[in-house]
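Got your viewer open and your selection tool ready? Follow along, one pick at a time.

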Amino acid sequence: MVQTTMFSPSPRALQLNFHFSPSLATNQKLFSRGLVRINTKAWRHSMFLSSKPVLKDGALSIGGKDALTGVPDNVVVTPLTNSSAFVGATSVDESSRLVFKLGVIQDIRLLCLFRFKMWWMIPRVGNSGSDVPVETQMLLLEASKGQDLEDSNETSYIVFLPIIDGDFRSSLQGNSSNELEFCVESGDPAIVTSQSLKAVFVNSGNHPFDLMQESMKILEKYTGTFAHRESKQATELTNYI
């Protein structure tokens with residue numbers, strides 16, 4: 001016969017002690033039902049690099065860093081703010097679908113989001129233009145520290161966002177020569193063009209998350225076709241996780 005003994009832990013042994021750091025204490029509150037409320041209103045503003053995007057000697061410099069080299073002569077840069085611009089290109093032929101080369105990306109850490117399926121996007125990382133798949137909707141480059149940056153102690157980031165330009169949608173892609181390309185298409189053979197001057201939005205900053213947020217705010221103001229989440233009325237449920 002095997003005798004078993006049941007031990008009942010004391011209430012003190014079951015007591016949980018939560019130690020919150022000062023940073024967590026200001027942003028979170030623990031409720032008795034186990035829910036954590038997060039204050040989503042606090043956000044650190046991005047520090048943009050004041051250097052405007054410049055196309056010179058076959059190189060596209062954004063935030064003081066050469067993001068693209070070997071840029072073709074038909075590429076056009078239209079400044080928008082102190083740190084952002086539109087990038088486009090022209091062609092001698094008209095078509096409902098055009099593919100333009102932007103320049104070479106080599107030995108730069110990058111992150112991109114691309115349409116894996118018509119209704120789904122997934123990320124991919126790499127360090128050259130050939131790592132950028134077709135139907136890329138966002139491309140983020142990490143500019144290395146160097147003397148050509150305004151502040152050599154800070155790593156800067158460059159974002160490429162393909163947008164809608166008139167009747168044409170755009171997307172990014174790379175080729176085997178490490179060249180970054182953008183594709184514009186109307187989806188209608190009757191709607192053709194020979195140029196797309198504002199197909200890709202580019203911006204730079206010192207913090208990737210702030211850079212994305214501020215870039216969307218700039219596009220919100222420019223296009224007027226959508227509202228940033230800070231401008232939308234959120235339900236109380238979004239404050240709970």
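Select Arg-97 to begin: it is partly exposed, with a relative accessible area of 46%. On the scale used here, buried is under 20% relative accessible area, exposed is over 50% and partly exposed lies in between, with a 1.4 Å probe and protein chains only. Bear in mind that this is a predicted model, where local features need pLDDT of at least 70 and side-chain atom pairs count only at pLDDT 80 or more, while totals for chains, interfaces and linings use all residues. Residues are numbered from 1 along each chain as its sequence is written, and side-chain values use heavy atoms, with hydrogens and water left out.

Now add Glu-185. Its side chain meets that of Arg-97 in a salt bridge, 3.6 Å from N to O; the term stands for a side-chain nitrogen of Lys or Arg within 4 Å of a carboxyl oxygen of Asp or Glu. Arg-97 lies in strand E8 (residues 97-104) and Glu-185 in strand E14 (residues 179-185), so the pair ties together parts that are 88 residues apart in sequence. Strands here are DSSP runs of at least two residues (E), numbered from the N terminus. Glu-185 is partly exposed too, at 21% relative accessible area.

Next stop: Glu-135 and Arg-169. Where does each of them sit along the chain? First the bond itself: their side chains meet in a salt bridge at 2.9 Å, N to O. Glu-135 is in the loop between strand E10 (120-128) and E11, Arg-169 is in strand E13 (residues 169-174), and the pair links these distant parts of the chain, 34 residues apart. Glu-135 is buried, with a relative accessible area of 17%, whereas Arg-169 is partly exposed at 27%. Keep these selected and add Arg-115: salt bridges that share partners join Arg-97, Arg-115, Glu-135, Arg-169 and Glu-185 into one network.

Another pair to pick is Glu-142 with Arg-109, a salt bridge whose closest N and O atoms are 3.4 Å apart. Glu-142 is in strand E11 (residues 136-143) and Arg-109 in strand E9, so to speak two distant parts of the chain, 33 residues apart, linked by this pair. Arg-109 is exposed, with a relative accessible area of 59%, and Glu-142 is partly exposed at 21%. The structure holds 7 salt bridges.

Stay with strand E9 (residues 106-117) and click Phe-116, which has its place there. Phe-116 is partly exposed, at 48% relative accessible area. Add Met-118, Trp-119 and Trp-120, and you have a nonpolar patch on the surface with about 600 Å² of accessible area together. Patch members have over 30% relative accessible area and no salt bridge; like charges are joined within 9 Å, nonpolar side chains (Val, Leu, Ile, Met, Phe, Trp, Tyr) within 5 Å. The areas come from the Shrake-Rupley method with a 1.4 Å probe, and for residues only the protein chains shown count as cover.

Then jump to Ser-84, in the loop between strand E6 (75-79) and strand E7 (85-95). Is Ser-84 buried or exposed? At 0% relative accessibility, Ser-84 counts as buried. Leaving aside neighbours within four places in sequence, Ser-84 is in contact (heavy atoms within 4.5 Å) with several residues, including Pro-53, Phe-201 and Ile-218.

Last, select the cysteines Cys-112 and Cys-183. Cys-112 is buried at 0% relative accessibility, and Cys-183 is buried at 2%. The structure holds 0 disulfides (pairs of cysteine sulfur atoms within 2.5 Å).

Note on methods: Helices (H or I, at least four residues) and strands (E, at least two) are DSSP runs, numbered from the N terminus.
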